[in-house]
Amino acid sequence: MSEFIRGDGRKYDELRPIKIEAGVLERADGSAYLEVGGNKILVAVYGPRESYIRRLLEPNTGVIRCRYNMAPFSVDDRKRPGPDRRSSEISKITADALRPALMLENYPRSMVDVFIEVIEAEGGTRCAGITAASVALVDAGIPMKDIVVGCAAGKVDDRVVLDLSEKEDKEGQADVPIAMMPRTGEITLLQSDGDLSEEEFQQALALAVEGCKKVSKIQKDALKRKYATG
Amino acid sequence: MKITPEITRESITNLVENDKREDGRGLNDYRDISIETNVISKAEGSARVKLGGTQVIVGIKSTLSSPFPDTPDLGVLMTNCEMLPMADPTFEPGPPSENSIELARVVDRGIRESELVDLEKLCIEEGKHVWMLFIDLHIIDNCGNLFDAAELAVMAALQSTKLPVATVVDDEVVLSEDETFDLPINKKVAMCTFVKIGDKMVIDSSLSEESVADARLNVGVTDGGSICAMQKGGQKPLTQAEILECVNRAISKTKELVEFI
């Protein structure tokens, strides 16, 4: 892999500057704030609480429900408020990505709500949302096997790079967002769009896994900071 | 539906009867206020307001639009509010609730009726092209008194708003890439919200105070001291004397509030 420099001055395997803070909201049971590049994301967690939506109720386990939402002012052209097809899909895969780490079997008939608000978007919001949501879940004190972390790799100018910016995402040829449980290395979310050869995909996946490991450290630091001071 | 225990109702009411409150404030005291502007770089204007534990983010986005037929030389303001489910365990996703619509409309009334934005200067070509400003309110933490926090946030966001310079060339609007102008604003407005607990009117209610309040009164006042918006809410009536007392208190209190903007 050559040592070329990307449009924003990063190396191929370099993350954008990232900052995570746990416990930022008062009402929520758990919450987190995350900035990565130009993304600003807030996550709140409520629960486990009794499932008041009957069709979601499971007699033998708790369930997780996610809502990924973009603020109208988070993007260049104002986004119409409310869910659209994209955010519905992201809500669903985010719930699926987080579920394996949660020990919800201990909470039958209950529900955990995860609300992800994209205050400002600059590429890679779904992974950033998952990363922040895990921190908020820990902050809520929900028993977990692992802290899920998300990160994307992709292809820009025929080169596989880590953590695509908005510009790279728009101009790039492929995007591979993943989420994983870092203790076991199990992947809990994987998407891929664009054009990748098998070899490129392998590179992208390996790169994204490395990225996840770096972000995982930052998640843990944020939690330690919160509980060392608070 | 959350039920407030009778014992909580009694304790809050008894405190207020003696001019005291749960958190140690007086009946005419606000919680700590902090305002940050330009928090969203992709928005034309933005602000984040904390009023005690209550947090509101406002972003302002602009688009070019055609004017309404009855006001061909005026720009357009639109206010929307999302009471995000993250802000409160009882807020639900989905289309805006009645409370959310009321909040947006009352806040909008303060801005619109005070005529603090010079809408004529948002007209690019009469009858054809005007600026349309979307004011989007995001409620992210509800610890009571959303109205006053939202009005402060909208006011601060409007003051931080910059729009690209627009010119008309061959019937088409051309936006400058680097030149901007400040949104023309000629006054400030703030809102004071009172709730009635027992026989007293309490300013800047906390969540628990709201849960036991009989009625609510919003009073929007400009920095020149004129009343530009009012709204009564809640299930019980207010006396004329109570309303006049609130207006009087609001006019002096908003002088302090506009200092924060």
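Let me start in chain A, where helix α1 (residues 85-98) packs against helix α2 (residues 125-139) with their axes 10 Å apart and at an angle of about 45°. That angle makes α1(A) oblique to α2(A), and the crossing of these two helices is right-handed. I should say at once that this is a predicted model, and I will keep to what its coordinates show.

Who makes that helix contact? From α1(A) come Ile90(A), Thr94(A), Ala97(A) and Leu98(A), while α2(A) brings Arg126(A), Gly129(A), Ile130(A), Ala133(A), Ser134(A) and Leu137(A). Sorted by class, the residues in this contact are 6 nonpolar, 3 polar and 1 charged.

Staying in chain A, we come to an open sheet of 5 strands, whose order is β1-β2-β3-β5-β4 and whose pairing is mixed. The edges are taken by β1 (18-22) and β4 (63-70) of chain A, each of which has a single partner strand, so that one side of each is left without a neighbour in the sheet. From one strand to the next, the twist averages 15°. The partner of β4(A) is strand β5 (residues 110-120) of chain A, and the two run parallel, joined by 8 bridges; within that pairing, Met70(A) has Val118(A) of β5(A) as its bridge partner. The helix I began with returns here, since α1(A) packs on the sheet, where it touches β4 and β5 of chain A, and its direction makes about 140° with that of β4(A).

Now to chain B, where 4 strands form an open sheet in the order β10-β9-β11-β12, with antiparallel pairing. Here β10 (200-203) and β12 (227-233) of chain B stand at the edges, and because each has a single partner strand, one side of each lacks a neighbour in the sheet. Neighbouring strands of this sheet are turned by 25° against each other on average, direction ignored.

The strand I would dwell on is β9 (residues 189-197) of chain B, of which 9 of its 9 residues are buried. Which residues cover its two faces? On one side are Val189(B), Met191(B), Thr193(B), Val195(B) and Ile197(B), and on the other Ala190(B), Cys192(B), Phe194(B) and Lys196(B), all of them buried. As a reminder, in a regular strand the side chains alternate between the two faces of the sheet. Toward β11(B), β9(B) pairs in the antiparallel sense over 8 bridges, with Thr193(B) bridged to Asn218(B). Toward β10(B), 4 bridges join the antiparallel strands, and Lys196(B) has Met201(B) as its bridge partner. β9(B) and β10(B) also form a hairpin with 2 residues between them, and in that turn Gly198(B) has a positive phi of about 60°. Further along the sheet, β11(B) (residues 215-222) is joined to β12(B) by 6 bridges, with Val219(B) partnered by Met230(B).

One residue outside the sheet deserves a word: Arg249(B), which is found in helix α5 (residues 240-258) of chain B. Is Arg249(B) buried or exposed? With 17 other C-beta atoms within 10 Å, Arg249(B) is partly exposed. Leaving aside neighbours within four places in sequence, Arg249(B) is in contact with Asn28(B) and Ile203(B); Asn28(B) is 221 residues away in sequence, yet 8.2 Å away in space, C-alpha to C-alpha.

Finally, the two chains meet in a contact that takes 27 residues from chain B and 22 residues from chain A. On the side of chain B, the elements giving two or more residues are β3 (54-65), β4 (76-83) and β6 (129-141), and the residues of that side divide into 13 nonpolar, 8 polar and 6 charged.

Conventions: Residues numbered from 1 in each chain as written. Chains lettered and ligands numbered in written order. Predicted model: local features only at pLDDT ≥ 70, side-chain atom pairs only at ≥ 80, totals over all residues. Contact = placed C-beta atoms within 7 Å. Nonpolar A, V, L, I, M, F, W, Y, C, P; charged D, E, K, R; others polar. Pairing = 2+ DSSP bridges. Axes fitted to C-alpha atoms, helices over the stretch in contact; angles between N-to-C directions. Parallel < 35°, antiparallel > 145°, perpendicular 65-115°, else oblique. Left-handed = near helix turned anticlockwise from the far one by under 90°. Buried ≥ 20, exposed ≤ 12 C-beta atoms within 10 Å, placed from the backbone.
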